[in-house]
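Open the model in your viewer and keep the sequence panel beside it. This tour goes stop by stop.

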Amino acid sequence: MGDESAEVRDVLAFLQSTEPFASLDDDHRRVAAKGIEVAYFRRGTVITEAGDANDWLSLIRSGAAELMLGGTQLSARLGERDCFGYPSLIRRGPAQNTATAIEDCLLYRLPGATFHVLRDRCAGFRKFFDIDESARLRRAVARMEGDGPVAGDESGLAIYATIGSFLSGRVVVSGDPALSVGEAAALMAREDVSTLPLCEDGRLLGIVTDKDLRRRVLAPQLDLATPVRAIMTPDPVTIGLQDSAMAALLEMTRRHIHHLPVMDASGALVAVISASDVLGQLGAHSLRIPAEIGRSASAQELAIATARLPEAVSALVSAGVDASHVTHYASAIGGAAHCRLLELAQAALGPPPVPFALVCFGSLARYEQGLGSDQDNGFVLGDGYDEALHNSYFAALAKRLSDGLAAAGYAYCKGDIMATNPDCRHDLAGWQSRFGHWIATPDPQAVLDSAIFFDMRPLAGEEVLVKRLREGVFAQARDNRIFLSFMARAAASTAVPLGFFRNFLLHHDADEGDVLDLKRQAIAPIVDIARCHALARGISATGTLERLDAAAAEGSLHPEAARDLAAGFEFLCDVRFRHQAGQRARGEPISNLLPPRELSRFDREHLRDAFRLIRTQLDKLRSDFAGGLT
């Protein structure tokens with residue numbers, strides 16, 4: 001082919017818009033175009049047999065092909081601009097997949113010798129064809145995080161600014177715990193501060209606020225000579241100078257507080273950061289929602305506050321905030337809504353007849369809520385609970401809580417995992433019996449139904465009840481290999497959409513048509529893998545990323561596999577948030593169902609990598625647990 005031929009010009013035009021050839025310089029792209037041979041395969045024709053020698057990088061110009069690993073197991077379905085054949089070229093071995101045309105297929109075929117020349121000379125070309133899909137996923141996550149905020153959006157930069165960068169020069173006012181309440185109040189008035197850290201010998205011992213003075217001194221008419229130590233909040237939550245504004249936001253939102261002492265690297269107090277400081281960096285959308293939730297005098301007012309959550313999440317996504325921070329933020333809002341609604345319900349019904357804890361399950365328990373999440377909650381009832389005497393109170397409390405959450409945008413759970421269900425209200429012995437039955441006599445359906453209960457986390461009330469329950473449950477699960485094998489088999493049964501391409505997806509929704517269910521088909525399998533390893537090792541963490549880290553540290557999961565799964569999880573969560581932000585912008589209902597037409601080529605390639613990684617790790621999970629994981 002001559003350089004001036006129409007055929008070469010046509011090939012060059014196609015390569016200029018197709019990765020990784022688009023990243024080549026003009027000279028190397030021309031080398032590729034001149035070396036390419038055109039081949040046509042009719043539908044149903046085998047292009048390459050598994051085990052045969054392969055000397056071509058095949059690029060689909062039009063049509064579609066299916067890859068079957070070893071000729072038997074679906075590996076991928078590929079469409080226009082997708083490549084195949086490169087793993088065997090890189091390994092210089094036989095083809096691993098049988099490639100078949102599933103539509104009439106026109107291929108651009110690059111000879112192996114030319115492929116190796118381009119791979120040796122061009123770093124971008126080489127990186128694209130990295131044999132390890134998980135490495136591509138890690139690069140994808142790094143690329144998304146490295147892109148940072150969108151052009152013209154200063155909030156993204158502020159989110160990642162360190163606290164020290166906007167508190168420089170501030171003088172901290174502190175007091176001695178030996179001061180009287182009256183002396184502390186006078187110091188706060190003189191220095192015009194609403195928060196007073198209390199330090200002794202250079203160590204931060206506690207903190208007192210204007211609110212403390214009102215509630216703990218003025219309301220009960222406490223003697224002003226009382227030592228301020230008696231009313232301070234001891235061992236307050238702190239944050240470091242090098243932490244980000246986003247970290248401060250998450251800490252304040254999670255703990256329903258409005259001030260954080262700031263410590264330097266040596267542990268010395270250097271400032272107190274307020275909600276107003278963070279608002280000034282992150283914008284009005286950030287802390288306004290939890291503040292409004294905390295001030296809500298009714299379920300109706302709280303619903304008005306939580307209605308702003310999609311806007312806030314969309315702003316964080318647009319600012320380039322990584323998905324793990326966004327899920328923590330959304331989960332903190334969900335937890336705050338639960339707690340405030342419980343307070344309102346108790347104010348209406350009176351104090352509980354026995355101590356209890358409000359617990360959550362599923363994504364909220366894991367700090368992994370997205371938009372459009374439903375509610376999964378229950379009560380752990382304390383000593384002295386008598387069903388005949390006390391059930392009516394807790395049933396009424398649960399109904400107020402659940403109805404309030406539904407009004408606030410957290411839909412009733414279709415599986416009825418709510419405190420309104422008597423099966424989600426038990427004393428400690430009742431919960432221990434329920435978990436004990438699931439663990440001792442597992443069956444496939446019971447394991448599927450019970451999985452999210454193992455993500456239990458306390459939200460309010462007597463946390464010690466939940467701690468005691470979780471310790472016993474995790475000890476039982478860790479010691480029951482049959483139960484763990486059932487959990488692993490249930491996880492491995494997930495239909496991961498390995499054949500995902502173009503408009504082909506494995507999930508059909510009656511309203512949406514062929515879509516990818518980001519939650520069920522993509523995110524949930526990684527959650528299941530992490531949960532299995534957590535139960536097998538008695539790991540107390542509930543978050544998926546924390547569980548993966550801990551499983552690697554315990555030797556239950558290879559460190560590289562843990563990193564790869566974490567990268568895949570973050571990438572999938574990012575895709576979900578971008579999809580949901582787009583739905584909100586278009587005025588559509590928020591869901592986890594993603595039509596394939598929304599996907600960029602970048603997302604399609606890396607989703608395919610994620611699915612292959614997930615399938616591999618699910619299969620390994622099943623074999624490890626079936627073989628007696630130790």
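Is Ser402 buried or exposed? Select Ser402: the residue is buried, with a relative accessible area of 2%. Buried means under 20% relative accessible area, exposed means over 50%, and partly exposed lies in between, with a 1.4 Å probe and protein chains only. Ser402 sits in helix α18 (residues 387-407). Helices (H or I, at least four residues) and strands (E, at least two) are DSSP runs, numbered from the N terminus. Now show what Ser402 touches: Gln375, Tyr412, Met418 and Thr420, not counting residues up to four places away in sequence. Contact means heavy atoms within 4.5 Å.

Two notes before moving on. This is a predicted model, in which local features need pLDDT of at least 70 and side-chain atom pairs count only at pLDDT 80 or more, while totals for chains, interfaces and linings use all residues. Residues are numbered from 1 along each chain as its sequence is written, and side-chain values use heavy atoms, with hydrogens and water left out.

**The whole protein**

Zoom out. The protein has 26 helices and 21 strands. Of its 630 residues, 54% count as buried. Among contacts with a separation of 6 or more, 71% are between residues 24 or more positions apart. The exposed area is about 27,100 Å², and carbon and sulfur atoms supply 50% of it. Accessible areas come from the Shrake-Rupley method with a 1.4 Å probe; for residues, only the protein chains shown count as cover.

**Strands**

Select β1, β8, β3 and β6. They form an open sheet of four strands in the order β1-β8-β3-β6, with antiparallel pairing. β1 (37-41) and β6 (83-84) are the edge strands, each pairing on one side only. Two strands pair if DSSP finds at least two bridges between them. Five bridges link β1 to strand β8 (residues 105-111), in the antiparallel sense. Look for Val38: its bridge partner in β8 is Tyr108.

Next, select strand β7 (residues 97-101). Five of its five residues are buried. Asn97, Ala99 and Ala101 point one way, Thr98 and Thr100 the other way. In a regular strand the side chains alternate between the two faces of the sheet. Add strand β2 (residues 46-48), which pairs with β7 in the antiparallel sense over two bridges. Then add strand β4 (residues 65-69), antiparallel to β7 and joined to it by five bridges. Which residue of β7 is the bridge partner of Thr48? Ala99 is that partner. Leu67 also stands opposite Ala99.

**Helices**

Go to helix α10 (residues 210-218). Asp212, Leu213 and Val217 are buried here. They lie on the same side of α10, because they cover an arc of only 95° around the axis. The arc is that of the directions from the helix axis to the C-beta atoms. Cover for these buried residues includes α9 (181-191), β10 (203-209) and β11 (233-234).

Move on to helix α19 (residues 428-440). Its 13 residues reach 18 Å from first C-alpha to last, close to the 18 Å expected at 1.5 Å a residue. The expected span is 1.5 Å times one less than the number of residues. Among its buried residues are Trp431, Phe435 and Trp438. Elements that cover the buried residues of α19 include β16 (377-381), β17 (425-427), α20 (444-450), α21 and α22.

Follow α21 (463-478) to the loop before α22 (481-492), where Asn480 lies. Its side chain reaches the backbone nitrogen of Phe483 at 2.8 Å. Asn480 is also in contact with Ile439 and Ala440, leaving aside neighbours within four places in sequence.

Now pick Ala534, in helix α23 (residues 518-537). Ala534 is buried, with a relative accessible area of 0%. Beyond neighbours within four places in sequence, Ala534 is in contact with Phe474, Ile539 and Arg547.

**Backbone stops**

Most residues other than glycine have a negative phi, and most peptide bonds are trans. Select Pro20, in the loop between α1 (6-16) and α2 (26-35). The peptide bond from Glu19 to Pro20 is cis, with omega near 5°. Arg81, in the loop between β5 (73-78) and β6, has a positive phi near 75°. Arg81 is partly exposed, at 22% relative accessible area. End at Asp201, in the loop between β9 (195-200) and β10. Its phi is near 55°, again a positive value, and Asp201 counts as exposed at 75% relative accessibility.

Terms used
A polar contact is a pair of N or O atoms within 3.5 Å; within protein, one must be able to donate a hydrogen and the other to accept it, and residues adjacent in sequence count only if both atoms are side-chain atoms.
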